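Dear colleague,

I am passing on the structure below, which I would ask you to open alongside this message. My notes on it follow.

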Amino acid sequence: MSGSDGSAGRVGTGVAGLDEMLGGGYPRGHVVLVTGLPGTGKTCLALQFLLDGARHGERGVFLSLEEDAPQLLESARQFGWPVDAAVDKGVLKILRLDPKETRQNLHRIQGELGQELSGLGAKRIVVDSVSLLNMLSDEEAGRRATLFALAAACRGSGATTVLTAEADPLHPEVSRDGLTEYVADGVIVLGYRTASDGHRVGLSLRVLKMRRTAHVRSVQPYAIGPSGLTVDAKAVDLG
Ligand SMILES: Nc1ncnc2c1ncn2[C@@H]1O[C@H](COP(=O)(O)OP(=O)(O)OP(=O)(O)O)[C@@H](O)[C@H]1O
Ligand SMILES: [Mg+2]
């Protein structure tokens with residue numbers, strides 16, 4: 001089921017099959033971490049979430065620390081998503097946080113970001129990615145404080161949030177910083193399936209945690225096709 005008018009208190013993910021795994025979508029108001037290795041589709045999944053909202057007239061804000069707005073719009077257009085119309089209508093806003101402007105960004109996150117997001121009337125927020133945010137602080141305590149402030153700003157605005165993070169290449173089931181998992185209400189891991197000879201043979205998704213949700217725990221295959229990510233929620237557990 002898609003959109004926010006489906007199961008009570010659920011917000012559509014915009015990804016076929018994933019709503020099913022979550023019993024209707026992300027719980028409203030949650031901060032959900034999506035972690036995965038490069039190219040596993042984190043940015044696509046995040047865009048799908050915002051476009052699902054746009055379809056229902058819900059305003060979404062994409063805070064980008066990686067790609068700039070033209071690149072993101074181009075990615076969305078190639079999947080045929082009506083991203084230009086969403087921007088024109090004001091239901092989608094892309095804000096760029098330049099990771100080089102360290103001090104300014106930290107100040108903003110710990111200060112006015114929550115109010116900015118509320119002021120924009122955002123019902124859905126994406127931060128892509130928090131891994132770059134973590135590079136703003138040298139110490140773990142600083143990184144933790146930034147992540148907590150960011151999650152508080154998102155929650156305080158009343159929106160439902162997707163944070164993306166790079167997976168640790170040595171332990172791809174956890175994020176590189178190993179911290180965001182504790183800040184988030186939910187964690188989704190995107191990964192590569194490997195054959196016994198070590199070759200990558202496909203993509204798989206696992207819902208590691210989702211507070212207040214009886215979610216599917218098995219590993220399900222997904223694909224990135226001509227219309228974006230689709231999860232095969234019916235496939236037999238890949239283990
Ligand atoms: N039109 C398309 N059809 C099928 N697959 C595509 C298409 N466009 C992109 N992809 C796949 O999606 C991947 C990119 O997805 P995305 O940018 O969302 O990944 P990501 O996890 O955000 O990567 P990164 O960590 O580098 O930011 C590409 O590497 C490619 O495999
Ligand atoms: Mg990306």
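In this predicted model, glycine 186 of strand 9 has methionine 210 as its bridge partner in strand 10, and this is part of an antiparallel pairing in which strand 9 and strand 10 (residues 200-210) are joined over nine bridges. The two strands form a hairpin with five residues between them, and in the turn glycine 198 has a positive phi of about 90 degrees.

Strand 9 (residues 186-194) also pairs with strand 3 (residues 31-36), here in the parallel sense and over five bridges. Within that pairing, threonine 35 has valine 189 of strand 9 as its bridge partner.

Turning to the ligand, 13 residues surround ligand 1, and the closest of them are Pro38, Gly39, Lys42, Thr43 and Cys44. Helix 2 (42-55) and strand 11 (220-225) each supply at least two residues of this shell, with helix 2 giving the most, namely three residues. By character, the shell around ligand 1 divides into four nonpolar, seven polar and two charged residues.

Finally, there is a helix packing to look at: the axes of helix 5 (residues 102-110) and helix 8 (residues 140-156) come within 8 Å and cross at roughly 50 degrees, and the two helices are therefore oblique to each other. Helix 5 makes the contact through Leu106, Ile109 and Gln110, while helix 8 does so through Thr146, Ala149, Leu150 and Ala153. Of the residues in this contact of helix 5 with helix 8, five are nonpolar, two are polar and none is charged.

With best wishes

Technical notes: Residues numbered from 1 in each chain as written. Chains lettered and ligands numbered in written order. Predicted model: local features only at pLDDT ≥ 70, side-chain atom pairs only at ≥ 80, totals over all residues. Axes fitted to C-alpha atoms, helices over the stretch in contact; angles between N-to-C directions. Helix = DSSP H or I, 4+ residues; strand = E, 2+ residues; numbered from the N terminus. Parallel < 35°, antiparallel > 145°, perpendicular 65-115°, else oblique. Contact = placed C-beta atoms within 7 Å. Nonpolar A, V, L, I, M, F, W, Y, C, P; charged D, E, K, R; others polar. Near = placed C-beta within 6 Å. Pairing = 2+ DSSP bridges.
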